[in-house]
Amino acid sequence: MQDTLFTLPVREQITPYLSQRQQGDLPVLVISHPKVRAAIALQGAHLLAWQPAGQSPAIWLSAKTPFVNGKAIRGGVPICWPWFGPAGEPAHGFARNQPWTLTAHDENDEAVMLTFTLESNAQTKKLWPHDFTLLARFRIGTHCEIELEAWGDYLSTGALHTYFQVADIMQTEVSGLGQPYIDKVQNNAEGTLSDGRQTYAQRVDRIHTAAEDCSIIHDKAGQRQIEVYHHYQSDVVTWNPGAELSCSMADMPNDGYKTMVCVETARINTPLKSAGENPARLGVTLRLRTK
């Protein structure tokens, strides 16, 4: 799926490294840089691909996801905001389904920097009564930085719901998750990971409430590690749907669960507080380490 994004016809060459293309209904910005290639949909300011030169793709994107206006994209890095999960409709908030605007961009020999903006409008007011300005900043290079900045006066919850590409989920482990967690598969039962490490022999959906600032995805079959540095988080979520749920999801291949794992930088149990000149922030930095 990701390779297709880089072969789409160019609609507009914005800069030497940045072009606009179209996938289905959705405009997509494609970065083709000597050190990295990446793609971001304007709907949701949604990172679809990030692949440093010489590496296999780091971000998982479903081959069955529809690129349709207003419909959530399965994979990539959805921005879940201003709520996480089923706290409202649509699930995981409206930010990922709204069209954002590219409001700033820059590039150099090391990276491409992009800023996207979403502002409250008539549609969002029907779902959530608050005025807001939401910024999503990206620095795309050999490492990837994403920062969400929320302006206004309100409390919100959210997550950077990153889907990572792994070679084999049965040989994947995530460390640095801390001990306590809330198990969403088991009706929000509380549990403990003795060593802060999670494996994925079956469906996993857990909110880790005392995770370390860095989670490490040990992709043993892929012979690499993905370092996930969380910023301004209160929680880290890890998710893999397992075989049964994967087969029931229309926008996911039946075997999609075998090559992905979500490690999400989140503010769930401690909401984000935006107040006047003090915006709320949530961020993540991604780095690859090849063994």
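The second largest pocket of this predicted model has a volume of about 160 Å³, and it makes a friendly place to begin. Its lining is made up of 14 residues. If you would like to find its middle, look for Gln 43, Gly 70, Asn 97, Gln 98 and Pro 99, which lie nearest the centre of this pocket. Two elements, β3 (26-33) and α2 (122-127), each give at least two residues to the lining. Sorted by class, the lining residues of this second largest pocket are eight nonpolar and six polar, with no charged residues.

Now turn to the largest pocket, whose volume is about 570 Å³. Here 26 residues form the lining, and the closest to the centre are Arg 74, His 92, Arg 96, His 161 and Met 249. The class count for the largest pocket reads 13 nonpolar, five polar and eight charged residues. So how does one find such spaces in a model at all? Rolling a probe the size of a water molecule over the atoms reveals where empty space remains.

Strand β3, which helps to line the second largest pocket, also leads us to a sheet. Five strands build this open sheet, and they follow the order β1-β2-β3-β4-β5 with antiparallel pairing. Which strands stand at the edges? They are β1 (12-15) and β5 (46-52); each has a single partner strand, so one side of each is left without a neighbour in the sheet. On average, neighbouring strands of the sheet are turned by 20° against each other, with direction ignored.

Let us look at one edge of the sheet in more detail. Strand β1 runs antiparallel to β2 (residues 18-23), and three bridges join the two. At this pairing you can see Thr 15 standing opposite Leu 18, a residue of β2.

Finally, step into β3 and pick out Val 28, which has its place in that strand. Is Val 28 buried or exposed? Its relative accessibility is 0%, and because buried means under 20%, Val 28 counts as buried. Which residues does Val 28 touch, once neighbours within four places in sequence are left aside? The contacts are Ser 19, Gln 20, Arg 21, Gln 23, Ala 39, Ile 40, Ala 41 and Leu 48. Leu 48 deserves a second look: along the chain, Val 28 and Leu 48 are 20 residues apart, while their C-alpha atoms are separated by 9.0 Å.

Terms used:
Residues numbered from 1 in each chain as written. Predicted model: local features only at pLDDT ≥ 70, side-chain atom pairs only at ≥ 80, totals over all residues. Heavy atoms only, no water. 1 Å grid on protein atoms, 1.4 Å probe; cavity = no way out; pocket = protein on both sides within 12 Å on 5 of 7 lines; lining within 4 Å. Points joined across faces, edges and corners; volume = space filled by probe spheres on them. Nonpolar A, V, L, I, M, F, W, Y, C, P; charged D, E, K, R; others polar. Helix = DSSP H or I, 4+ residues; strand = E, 2+ residues; numbered from the N terminus. Pairing = 2+ DSSP bridges. Axes fitted to C-alpha atoms, helices over the stretch in contact; angles between N-to-C directions. Buried < 20%, exposed > 50% of the residue type's maximum accessible area, 1.4 Å probe, protein only. Contact = heavy atoms within 4.5 Å.
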